[in-house]
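Work through the following exercises with the sequence and the coordinates at hand. Each task is followed by a solution that proceeds step by step.

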Amino acid sequence: MAIQTLDTPRTRPDPARALRDGAGRFLSRWGLVIGFVVLWQVASTLGWVSPAVFPPLDRIAVALWDGIASGALLDDIAISLQRAGTAFVAAVVLGIPLGLLMGQLPAIERALDPLLQLFRQTSALALYPVFILLLGLGETSKVFVIFWATLFPILLATIGGVKEVDRKLIEMARSYGATHLQVFRRVILPASVPAIFVGLRLSATTALLLLIAAEMIGANKGVGFQVMNAQYNFQIPLMFAAIFLLAFLGLAANAVLVALQRRLCRWSVTDR
Amino acid sequence: MTATALRGEVALRHISKTFTLNGQPLPVLRNLSLDIRGGESLAIVGPSGCGKTTLLRLLAGLERADGGQVLIDGRPVQGVGTERAVIYQEPRLLPWLTVLENVAFGLEVRGVPRSLARDRARRYIRLVGLSDFEGAWPRQLSGGMAQRVGIARALTVQPEILLLDEPLGALDAMTKLTMQEELERIWREENVTMILVTHDLEEAIFLADRVLVLSRDPGTVPRLIEVDMPRPRDRSEAGFVEMRRLLMAEFGLH
Ligand SMILES: Nc1ncnc2c1ncn2[C@@H]1O[C@H](COP(=O)(O)OP(=O)(O)OP(=O)(O)O)[C@@H](O)[C@H]1O
Ligand SMILES: [Mg+2]
């Protein structure tokens with residue numbers, strides 16, 4: 001009897017149960033965020049925290065909407081994206097090829113590694129004054145400091161990816177008569193892609209971080225400037241609007257990279 | 001086998017190989033000479049570390065001998081060559097290629113047009129019984145299936161000589177027996193010279209025309225044992241059991 005019960009397949013799906021499961025998954029993923037938002041709103045409206053410092057979320061939303069509708073914040077977003085984007089693209093264009101090369105030439109990698117480690121450990125922010133001295137307080141030094149900070153995660157991740165490639169796969173390809181170029185294109189490059197993406201995602205986060213810092217010094221446009229400026233003028237809702245905008249930009253950049261990685265690495269995506 | 005001169009003839013002439021391990025010379029092969037007929041099936045057995053893989057890698061052209069020569073169809077081996085294909089203990093599939101792409105890989109790097117390469121690959125995928133998995137990624141295969149993909153990849157380049165380094169070592173007992181029968185059938189159908197390193201004496205007797213027994217001491221002359229039994233062989237037959245006893249005795253086992 002017991003066996004029969006176990007063997008009976010559940011033919012009818014239980015909608016109530018599916019709903020409960022779905023709700024559970026949703027809550028476990030977003031519950032804390034929702035709780036945080038609600039707490040903020042309640043605490044601010046009821047005056048548990050000073051509404052001057054933590055304005056209610058609806059006022060922040062209004063400030064955000066006004067900024068976007070008037071086009072003022074859009075300009076800031078555009079200039080910020082341009083700065084971070086230029087620097088990021090430059091870091092990708094230089095970092096990935098250089099990393100692919102260095103990963104395959106142990107002699108060069110050994111020679112350059114101490115220097116790389118030193119640069120990596122030196123905070124790009126500490127070097128910002130140096131870049132300003134060299135390049136002036138304009139766009140160039142801003143883009144350069146972001147570029148500098150984003151280059152190293154990409155470069156080091158790419159080198160690491162290439163060095164980690166399974167030697168046995170390379171040998172396999174070679175035993176079928178693959179040329180050096182074919183080994184690179186068909187083995188080393190695809191094998192390094194997941195590691196490169198780890199570097200790209202780290203770099204994207206770093207780019208936004210450095211963007212804000214760079215825009216807080218000697219800028220008169222940009223989302224980072226808006227955060228400082230709004231605080232200075234005591235437009236606290238606008239300040240939070242700019243902060244949320246930055247967080248959103250970071251999330252969006254990460255989502256784009258994750259989607260791209262999914263596309264390029266379908267072979268490694270776990271079935272979920 | 002036909003009487004016409006088969007290609008895939010291998011000759012080892014006074015092969016020596018010494019590695020350096022922690023600054024000490026480690027002789028592995030010493031003055032080894034052997035002729036392997038085209039289309040022959042030779043098994044290589046011996047204790048762990050005696051140089052079986054090293055010998056196979058020399059044949060594959062992945063390693064160079066310190067002394068002596070390897071001749072294939074009379075020509076000295078310079079490096080890897082298109083008339084040889086290696087099947088390793090692990091499948092060594094490229095995770096970013098589907099089964100079909102993996103099997104076609106060998107031909108594609110040799111410049112065979114893609115559609116032609118894939119047509120030929122399909123034929124060998126069918127031969128190893130994986131037609132339903134052409135579009136699968138390697139991570140979706142079981143160990144035995146992955147190994148069969150590796151075998152299909154080697155067969156697709158239609159080598160004269162198939163070099164196998166414990167190809168079934170990682171498989172479970174049941175799959176192993178099935179795969180041994182497949183290898184035997186493939187060997188017969190493809191007229192290929194098969195050089196098979198194995199730890200499994202029954203596998204050697206089941207598949208080989210001759211068994212080369214290496215010993216750990218490279219100074220000892222390797223022994224060559226003829227397996228003169230009709231095919232396909234029956235593991236429970238008296239001759240088979242006797243052969244097994246004989247080989248075990250080579251290792252001082254009973
Ligand atoms: N690249 C290398 N450098 C130094 N020593 C090596 C190298 N490759 C193999 N050896 C040594 O050569 C000897 C033979 O190795 P080999 O891999 O040929 O053994 P094997 O017979 O295949 O053993 P197993 O049955 O365990 O696979 C071992 O003692 C090993 O340490
Ligand atoms: Mg071995």
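**Exercise 1.** Determine how many residues of chain B are in contact with chain A, and describe the side of chain B that touches chain A.

*Solution.* In this predicted model, 24 residues of chain B are in contact with 20 residues of chain A. The next step is the area: the two chains bury about 2200 Å² between them, and 57% of it lies on carbon and sulfur atoms. Turning to charged pairs, the rule finds 4 salt bridges across the interface of chain B and chain A. One of these joins the side chains of Glu171(A) and Arg92(B), with a distance of 3.0 Å from N to O, which is a salt bridge because the cut-off for such a pair is 4 Å. Polar contacts are counted next, and 11 residue pairs, both residues at pLDDT 80 or more, are found across the interface of chain B and chain A. As to the elements involved, strand E6 (84-87), helix H2 (99-109) and helix H4 (143-156) of chain B each supply at least two residues of the side that touches chain A, and the largest share, 4 residues, comes from H2(B). Sorted by class, this side of chain B has 15 nonpolar, 2 polar and 7 charged residues.

**Exercise 2.** Establish the strand order of the open sheet in chain B, and explain why one side of E2 and of E5 is left without a neighbour.

*Solution.* Begin with the pairings of E1(B). Strand E1 (residues 10-21) of chain B pairs with strand E2 (residues 24-36) of chain B in the antiparallel sense over 9 bridges, and in this pairing Val10(B) stands opposite Ile36(B). E1(B) also pairs with strand E4 (residues 67-72) of chain B, again in the antiparallel sense, over 5 bridges. Within E4(B), Gln69(B) is the bridge partner of Arg13(B), while Leu71(B) is the bridge partner of Ala11(B). The complete open sheet has 4 strands in the order E2-E1-E4-E5 (chain B), with antiparallel pairing. E2 and strand E5 (75-76) of chain B stand at the edges with a single partner strand each, so one side of each is left without a neighbour in the sheet.

**Exercise 3.** Describe the backbone at Asn22(B) and at the peptide bond from Arg231(B) to Pro232(B).

*Solution.* Asn22(B) is found in the loop between E1 and E2 of chain B, a hairpin with 2 residues between the strands. Although Asn22(B) is not a glycine, it has a positive phi of about 50°. For the second site, the peptide bond from Arg231(B) to Pro232(B) is cis, with omega near -10°. Pro232(B) is found in the loop between strand E10 (223-226) and helix H7 (238-250) of chain B.

**Exercise 4.** Classify the aromatic pair of Trp40(A) and Phe240(A), and locate its two members.

*Solution.* A search of the whole structure finds 13 aromatic pairs over all chains. For the pair of Trp40(A) and Phe240(A), the ring centres are 5.2 Å apart and the planes stand at 80°, so the pair is edge-to-face. The last step is the location: Trp40(A) is in helix H2 (residues 15-45) of chain A and Phe240(A) is in helix H11 (residues 236-264) of chain A, 200 residues apart, and the pair thus links distant parts of the chain.

Methods. Residues numbered from 1 in each chain as written. Chains lettered and ligands numbered in written order. Predicted model: local features only at pLDDT ≥ 70, side-chain atom pairs only at ≥ 80, totals over all residues. Heavy atoms only, no water. Pairing = 2+ DSSP bridges. Contact = heavy atoms within 4.5 Å. Buried area = accessible area lost by both parts, 1.4 Å probe. Polar contact = N/O pair within 3.5 Å; in protein donor to acceptor, adjacent residues only side chain to side chain. Nonpolar A, V, L, I, M, F, W, Y, C, P; charged D, E, K, R; others polar. Phe/Tyr/Trp six-rings, centres within 6.5 Å; stacked < 30°, edge-to-face > 60°.
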